[in-house]
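Reader: Please take one part of this model and go through it closely. I would like to know what surrounds that part and how it sits in the rest of the fold.

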Amino acid sequence: MQMHTNIAPILESSLAYAGGFLNTGRVSQYISNLAAANPAHLGCVVMEPGGVTHKAGDWDVHFSIQSISKVISLMYALKTLGHEVVFDKVGMEPSGDPYNCLIKLETAGEKPFNPFINAGAITVISLLAENTPFDEVLDFAGRAFGASVGVDEDVFAQETHAGTRNRSMAYLMASKGALGENVETYLSFYFRLCAVSVNAAHVAHLGAVLASGGKCPHTGQEIVPQWVVRTTKAIMLTCGMYDGSGDFAVNVGLPAKSGIGGGIVSCGGGLGIGTFGPALDAKGNSVGGIKTLWHLSEKLGLHTFV
């Protein structure tokens, strides 16, 4: 296991560096809850093996996980349904398109490219929703995040009202036989999971679970098998930052998954990392989160391919 020293001052300097870029981003306008976020917020938590935690900035501000939920749904689907069932319905290749793109659903066959674009995530959710109560997945999310978590019902209601593009994707896939018949059930499950409320410490705990091969960093108890983590991290590295994934993999070199709520979960060198910064770039990724992770990767030598 890679050992790190001086994490706390490096974390502080990383936030100071990243703060200089926040004015280049803009908060999501998708729903009013996201649009009301403070673009000056920036926080980060780094969790070491054993659960030693370093916190800085606006780490305790709560936000909805949005597309970070796709890590939760993929891990739980792999754990409970298995590799073959999941990847029979969704691919594992980068799409090169925005996360909510409809074009290739029509032109590239029945399978969505990967579980981290919206169409792929809805497909994974459809598999879970046919077999699993939502509260069971929420309980699993709590174990992954290291604390009991709940749904922001206001965000859920706004998601349900505004999610016309996701609804279009789901019905298009259903028309091609790629989804089952209970489309509205799948969508409700998907919107509700996106609306789970967390802070950067919860996200760092999820990162630490990924960094430790699927075990709770505090107790060592298995949350998911190691093979699930391996598969999830590989797809995070190649697909986790929307159509900015290649750039992020080259420059930061860490498995990561972002959400338009401003969060990013990442891991490397045995560390779990959670960032929060609602000012987003043009591809929907947190400007401050990316810059924080780049600085941490450089200063702590975390890049996967060093």
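Author: The model is predicted. A good place to start is the hairpin formed by β1 and β2, where 5 residues lie between the strands and G50 adopts a positive phi near 90°.

The two arms of that hairpin are β1, residues 43–47, and β2, residues 53–57; they run antiparallel and are joined by 5 bridges. Within this pairing, K55 of β2 is the residue opposite V45.

β1 has a second partner. Strand β8, residues 271–276, also pairs with β1 in the antiparallel sense, again over 5 bridges. Here G43 has F276 of β8 as its bridge partner.

Next comes the question of cover. In a regular strand, side chains alternate between the two faces of the sheet. In β1, one side carries G43, V45 and M47, the other carries C44 and V46, and all of these are buried, so both faces are covered. Put as a count, 5 of the 5 residues of β1 are buried.

C44 leads on to the cysteines. A disulfide is a covalent bond between the sulfur atoms of two cysteines. A search of the whole structure turns up 0 disulfides. C267 takes part in none, and the cysteine sulfur nearest to its own, which belongs to C44, is 13 Å away. For C216, the closest cysteine sulfur is that of C267, at 15 Å, and this is too far for a bond. The cut-off for a disulfide is 2.5 Å between the sulfur atoms. Both of these cysteines are covered: C267 counts as buried because its relative accessibility is 1%, and C216 is buried as well, with a relative accessible area of 14%. The limit for that label is 20%.

As for the rest of the fold, the protein has 14 helices and 8 strands. Of its 306 residues, 58% count as buried. The C-alpha trace spans about 55 × 40 × 35 Å along its principal axes. The radius of gyration is 18 Å, which agrees with the value near 19 Å that a compact globule of 306 residues would have. Among contacts between residues at least 6 apart in sequence, 70% join residues at least 24 apart. The protein exposes about 11,800 Å², and carbon and sulfur atoms supply 52% of that area.

To return to the starting point, β1 pairs with β2 through the hairpin that contains G50, and β1 also pairs with β8.

Conventions
Residues numbered from 1 in each chain as written. Predicted model: local features only at pLDDT ≥ 70, side-chain atom pairs only at ≥ 80, totals over all residues. Heavy atoms only, no water. Buried < 20%, exposed > 50% of the residue type's maximum accessible area, 1.4 Å probe, protein only. Helix = DSSP H or I, 4+ residues; strand = E, 2+ residues; numbered from the N terminus. Pairing = 2+ DSSP bridges. Rg over C-alpha atoms; globule rule 2.2 N^0.38 Å. Contact = heavy atoms within 4.5 Å. Areas by Shrake-Rupley, 256 points an atom, 1.4 Å probe, with all protein chains shown as cover.
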